[in-house]
Each structure stands twice: as structure tokens, then as C-alpha cells.
Amino acid sequence: MTKRFSLGQLVMLVVALVLAAIWLAPIAWAVATSLKPESETTVIPLQWFGSEITFDSYALVLETGGIVKWAINSTVTAVIVTFLTVLFSAMAAYGFARTRFRGQRALLALILAGIMVPPHVLIAPLFAEMVALGLVDTWWAIILPQVAAPLIVYILFKFFQDVPPELEQAAFVDGAGRWRVFFTIVLPLSRPVLAAVSIFTFITTWNNFLWPFLVSTDPNTMTLPVGLANVVQGTFGLRYAQIMASVVLAGLPLLVVFVMFQRQIIRGVAHTGLAGQ
Amino acid sequence: MTTTVAPRPTAAPATEAKVRRRWTQHGLLFVAPFLVIYVAFLVWPTLLGFRMSLSSVNIAGTNDHLVGFANYAEAFGDPRMWRSLWNTLVFTVLSTVPLVLLGLAFALLVHHLRFMQWLWRLSFFGPFLLPSAVVAILWLQMIYPPGYGLLNGTLGTDVLWLGDPSVAMWSMVLTTVWWTVGFNFLLYLAALQSIPQHLYEAAAIDGASSWSKLRSITLPLLRRTTALIVVLQLVASLKVFDQIYLMTSGGPQDATRPIIEYAYDVGFTGYRIGYASAISYILFVLIVIVSLVQLRLFRKRAEGLS
């Protein structure tokens, strides 16, 4: 690649700038609307800026309380799901990749088959199961089904298969047991792949809608997307600045995290999206 | 098959038996925690769902009589099931094409621009990080409305983006492309970055133009990635629910209702959980067929170049 700035590159730059502007416009429009006085949100023709920039809508939205509570619920459930998913999946994957036990092949096949089962088609039986277990409107109803993620086991299984076993064998010779080797040698060595699947799991859990929507009817246990869909439109109906303030507040956390950890997040999503290849 | 795999002979003979024993210990205990949750919340519901699809059970769990394949027979004679299945297939085709092509185009563009990477990545991938409820409320309330909506207001048009049955599905596709193209963009970008640079250098020595490098090096090497992305996208689009439910609730006049929403309506609004399960399982079969292709691709990827 030459450093020279060619005509072709200039054209590409212009195209990219136009596309980026189009792609950012809806988000910018939400921010712009949220900063207008309520009476100026539906002015025709469109104006990007109102007569003043005001944060009143944010104050009002935060005062009504719901959104902060839902953000906490979302964070807590997503952290628990991510922790349990990665810990249990890593253990299972390691068990399949390194040890030998009766029925191993059949169990691995059962787990791989589960990759094809979309949780969306299980809403009816899962809901019936949650009713039977008395878990509706609890965090566990939101958390447990999301931990059953066979794709993560598959990705980590493939990873552990490719790790040379010499280091672990040396530790065995020194008298360490399987569990100590796993927690003190294998897990620390796997940090990059664990980070990748953690990021992926966290994002999908944080944004999951259908299942949390079905099992939470109590505004106190709702996650952010569910609370937003159920309550905001009803509470702030036609008050567009406040609706957009809610939307910006709900969308902002992950975007800020993305700007801060762009490289890691991109690697995590791409790696997991391509199933560890 | 308990001890078929011996450790590689790094240990001294005296300790080898002990090491070998440690090597194979506790396997089932490692697998157990995941397995319990997996069986309870994936395997069991899969079986239970099929059992429910053969019954007349309602959402309260009562009236649970086995009715054989009556629910499936009813579904195949139900015009609203066919309409929602058709909507799902239309959405899948209409969304997959631009999501794959734009994802590739954006990735090629960003890969060749070597500066301001953070801006391109934030712009194109950022929306993917927004929850579906955020996307749906934003587009429903401030982008699509006539008059003050960003789209009509900017274009100077007066289209009923969500109210016109012949336009609404296109609007669902538009929102979805804006929201999720960033995922395919990232996968393509990762694939582009893994193409060895020396291939291009060799081609440059031979005097190849940018266009011929794209055609004879880049695109052929992206073939596997493309196959994978297409399959992932098909499965994702077949499962569409959130944005359509939140923006149009399936309307106007059933023009956008996807099959997942019909199953939800039948089961959670109409209380016929048995019938809802049968409808879900019709989609399930479709997705399994697409996923089997996906598994084959994964296997090929694993065997072929990586």
C-alpha cells in the first residue's frame, strides 16, 4: 500500500462520510429531539435545533424512576447470565475436550444438536415450565434459559481442543489435580477467548427482548428493553422529547462501553459470530 | 472408551499411571452444571413443546387432552398462519439480500480506508448495540411519522411508512437493515483482515488493478464467510419478532405479522398454548433445515482453510 492519497481513496472517503452520516442520523435525531423543549418537537418543516437546548426531559424521565431501576435489573441479570454461561460452558467444554467418561459422545452430540434450537420457538413450553416452577416475575426466569447456550460450549470446546496439553501434563506430573489445573492454568491462559464469548453473551443478554418480555409483568423485575416497551410509550405518550430522552438513556450505556472498548468488543463479536473460526 | 486416550509420554514411567488417572478424572463433574441447566431449559422444553403441540392445553395448563396432529391440521388450514408464514419468508428474503450485500460493501469500504476507523465502526456497528425496543420506539415515534418524522420531513414526502399495507414490510426491512447490518459488516471486516497481505503484494508486482485484485483474490477468499453469513442471517431473519411487534403489532391488516408473533398472539393473547406450540414447531422445522446447512458449513470451515 502506498501512502499516496489517490483519487480513488478520496471518492471512497466521501462515500463513507455520506453513509456514516446517514447511519448516524437516526441516533442524532433522537438526541436532538430529546434536547428540545417539548412544544417544539413536532415542528414542520424539521428543525434539528429548538429555540434552546434543555435537559428538562432527562430530568423528568429520571425522576419517574423506572429507567434507572430497569437499567440496574438489566445490568444485574446480564452480568449473572454472562458469568454463569462462561463458567459452566468453559467447564463443560473442557470436560469434553480433555477428559474421557462414559456417554461422552452422546452428550456432546446432544449439545451440538441444541445449536439448531432457536429459543424463540420454545416460548410456550418454557413459559409453562416457569409457571410450574413458580418463577414467573423473578430474575431466575429471565436468567436460567439464557445460560443454556450450546453455541458457547461449542466455541470453547473447539478452543480447548487446539490448546497443546503439555503445560497441563507438566502440572499433573507436579501433583496438581484436574480442578486446580483448570482454574489456575487453563482459565487464565484462555482469557482472550473467554473475554470474546463474555462480551458476546453480555450484549445479547442485555438486548434480549422476547423472553424477558414474556416472563416479567411486574415493573420491578423488568429489564431495560421490556420496561421501555411496556411503560414508556404509555407514560410519556405524545411527549416526544421525554420518549427520546428515555431512548437515548437506554441506548447510551452500550454505545459508551463500545467507544471505550472498541477493539475488544469487535474481536469478541466477530470471533463468536464466526463461531470461533 | 474410558481410558483410550493416553497422555503424551512426557512423564517418567513411574508417575505415568498416576498422571494418566488424573488426566481422565472428573469429566462428568465438569460437564454436569451446564448439562443440568441445558436439559432443564432447552432439551426438556423442546420435548414438552412437541407434546404440547399435540394437545389442547391452554395457558392456565388446563384442558390438557392429547388431540394428535389436529393442531397441525388446523394450522395448515388457517389462512392467518399462512399469511404470517408468508410474511416471515418475504421479510427473510427482503432483509437478507441487503444485509449481506451492504455488510460486504461497508466492510470493503472501511477496510480500504485506513484512517478514522473508530468513526466508521461506531457509525455502522453502533446501531447493532441498541436494544430492539430502543430502535422500534425511535423509528416509530420520530422517523416514520408523517410531517415531523425524520424520513418524510427530510425527503419532503408524505408516505405512510407504517400505515400503508403495501409499504409497511419495506419499512420493517429498512429499520432492520439500519439496525443489524453492523453485525455482518464486522464479520466481513474480520474476514478481510485475515487475508494474507502477501497475496496482494504478489498481485501488485504483476501489475494487477484494484478491481482485478478484488475480483480474483478478495471475493473468492470471502466465499466461505459469505456462505456462513447468509445462513446466520437467514436464521436470524426467520426469527424476526421484536421490531415488528413493537412498531406495527403485525399490522396494518396483517401485512407485517411474522409467524413468531402469530404464535405469541395465539398462545399468550388467545390462551391456546397447544396451538401456539404447533405453529412454533412449523417454524422450528424450517429453521432446523437452514441450520443443518450451517452445521455442514462449520464442519467444512473446520476442515478447510481457516
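**Loops, helices and contacts in chains A and B**

Student: Where is B:Asn63 found in chain B?
Tutor: B:Asn63 is in a loop of chain B. The helices around it are DSSP runs of H or I with at least four residues, numbered from the N terminus (strands are E runs of at least two). So look for B:Asn63 in the loop between helix H2 (27-53) and helix H3 (70-76).

Student: Which pLDDT do local features need in this predicted model?
Tutor: Residues count from 1 along each chain as its sequence is written, while chains are lettered from A and ligands numbered from 1 in the order written. This is a predicted model in which totals for chains, interfaces and linings use all residues, side-chain atom pairs count only at pLDDT 80 or more, and local features need pLDDT of at least 70.

Student: What is phi for B:Asn63?
Tutor: B:Asn63 isn't a glycine, yet its phi is positive. The value is about 60 degrees.

Student: Why does B:Asn63 count as partly exposed?
Tutor: Burial goes by other C-beta atoms (placed from the backbone) within 10 Å of a residue's own: 20 or more is buried, 12 or fewer is exposed, and in between is partly exposed. B:Asn63 is partly exposed because its count of C-beta neighbours inside 10 Å is 13.

Student: Where is B:Asp254, the residue with a positive phi near 65 degrees?
Tutor: B:Asp254 isn't a glycine either, despite that positive phi. It is partly exposed because 17 other C-beta atoms lie within 10 Å. Its place in chain B is the loop between H12 and H13.

Student: Which residue does a cis peptide bond join to B:Gly251?
Tutor: Omega for this bond is about -10 degrees. The partner is found in the loop between helix H12 (242-247) and helix H13 (259-269) of chain B. It's B:Pro252.

Student: How far apart in space are B:Leu94 and B:Asp254?
Tutor: B:Leu94 is found in helix H4 (residues 79-112) of chain B, whereas B:Asp254 is in the loop between H12 and H13. In sequence they are 160 residues apart. C-alpha to C-alpha, the distance is 17 Å.

Student: Which residues is B:Leu94 in contact with, leaving aside neighbours within four places in sequence?
Tutor: A contact needs the two C-beta atoms, placed from the backbone, to lie within 7 Å. B:Leu94 itself is partly exposed, given its 18 other C-beta atoms within 10 Å. Its contacts are B:Met169 and B:Val173.

Student: How much of residues 167-190 of chain B is helix?
Tutor: UniProt, in an unreviewed entry, lists 167-190 among the transmembrane regions of chain B; positions follow the numbering used here, feature names are shortened, and annotations may be inferred rather than shown by experiment. The end C-alpha atoms of this span are 35 Å apart. Strand makes up 0% and helix 96%.

Student: How many residues of chain B are in contact with chain A?
Tutor: On chain A, 91 residues take part. Helix H1 (residues 7-34) gives the most to that side, with 13. On chain B, the number is 92.

Student: How many nonpolar residues does the side of chain A that touches chain B have?
Tutor: Nonpolar covers Ala, Val, Leu, Ile, Met, Phe, Trp, Tyr, Cys and Pro; charged is Asp, Glu, Lys and Arg; the others, Gly among them, are polar. That side has 5 charged and 17 polar residues. The nonpolar count is 69.
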